Amino acid sequence: MSRIHPAYQNRSHDDKLTLKERSEEDTDQLQLQLVRPSVLTVWKRSSMTFQGTDGFTVFDQHGRLAFRVDNYSRKNSCNIIKGGRLVLMDGAGNALLTLKPQVLSMQYQWNAYSGEDKTGKRVTSTTSKVFSMRSGSTLFHSSKDEAIVMMMGSSSGPSTNNSNIDHHQTPDFRIEGCFRRRNCKIIKSSSGEMVARIARKRVNNRRILLGDDVFSLAVQPGFDPQLIMAFVIILDRICGKPFAPVLCS
């Protein structure tokens, strides 16, 4: 059966290397990492294996667990852990970002905050807010973009912690293509540079195309995979949904 993530490399070759050769090879690998994209394998399945869970399990190019999102149910958009929140964690389970739907949003807007509110009662503050993201099209405005992102602290970012994104604002990032088909690009608006690409996953020398619950996320050097993975999680929540207010908080 095909693996959904890269297998660990055979280490027999490394065992025969001298100390000098190891150092040179490590340097070469580091230089390649600086110019090559970071390729993640995203599996739309929670690392919690019991029935009814929903989330993400993300592997790096070496097959190591890089990120995870554990969620108990998706029957209702408000029936998510901690009152509508999703928590992006690293492979060890440390909270990186808390993702939360905007109250009374007609745009399927979500906000991201650093860390995690473990009490479930604290009102997230502007100092912890990282970005806001919403569907490219709204009830009164259509767009070719799948979604747009406003970074907190940028000149175009949301003016307040709980404000909706205005379609007249220039986004910091745009998502082009179709996420439901696992074929889209994340673009930096100011330069037009492609930041990351989402594509269907192929294995066995690209002969086998896996289902859309497993896909590749290639993040270009100089951009934070943690941030881009947060974009992907929100894309999964907002794409293909009808326009309706999100009432949970």
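Q: In which sense, and over how many bridges, do strand E5 and strand E6 pair?
A: In this predicted model, strand E5 covers residues 95-101 and strand E6 covers residues 110-114. Within this pair, leucine 97 of E5 stands opposite serine 114 in E6. The two strands pair in the antiparallel sense, over five bridges.

Q: In what order do the twelve strands close into a barrel?
A: Strands of a sheet pair through backbone hydrogen bonds, either parallel or antiparallel. In this barrel the pairing is antiparallel. Neighbouring strands of the sheet are turned by 20 degrees against each other on average, direction ignored. The order is E1-E2-E3-E4-E5-E6-E7-E8-E9-E10-E11-E14.

Q: Which helix packs on the sheet?
A: The helix spans residues 225-238 and touches strands including E1, E7 and E14. Its direction makes about 35 degrees with that of E7. The helix is H4.

Q: Which element gives the largest share of the largest nonpolar core, and how many residues?
A: In soluble globular proteins, nonpolar side chains tend to be buried together. The largest nonpolar core here has 43 residues, and Met229 and Phe231 are among those that touch the most other members. Methionine 229 touches residues including Val42, Phe56 and Leu217. The largest share of the core comes from H4, with ten residues.

Q: Is arginine 182 buried or exposed?
A: Arginine 182 is found in the loop between E9 and E10. Its phi is near 55 degrees, a positive value in a residue other than glycine. Most residues other than glycine have a negative phi. Buried means under 20% relative accessible area; because arginine 182 has 7% relative accessibility, this residue counts as buried.

Conventions. Residues numbered from 1 in each chain as written. Predicted model: local features only at pLDDT ≥ 70, side-chain atom pairs only at ≥ 80, totals over all residues. Heavy atoms only, no water. Pairing = 2+ DSSP bridges. Helix = DSSP H or I, 4+ residues; strand = E, 2+ residues; numbered from the N terminus. Axes fitted to C-alpha atoms, helices over the stretch in contact; angles between N-to-C directions. Contact = heavy atoms within 4.5 Å. Core = buried A, V, L, I, M, F, W, Y, C linked by side-chain atoms within 4.5 Å. Buried < 20%, exposed > 50% of the residue type's maximum accessible area, 1.4 Å probe, protein only. Lists of a residue's contacts leave out its neighbours within four places in sequence.
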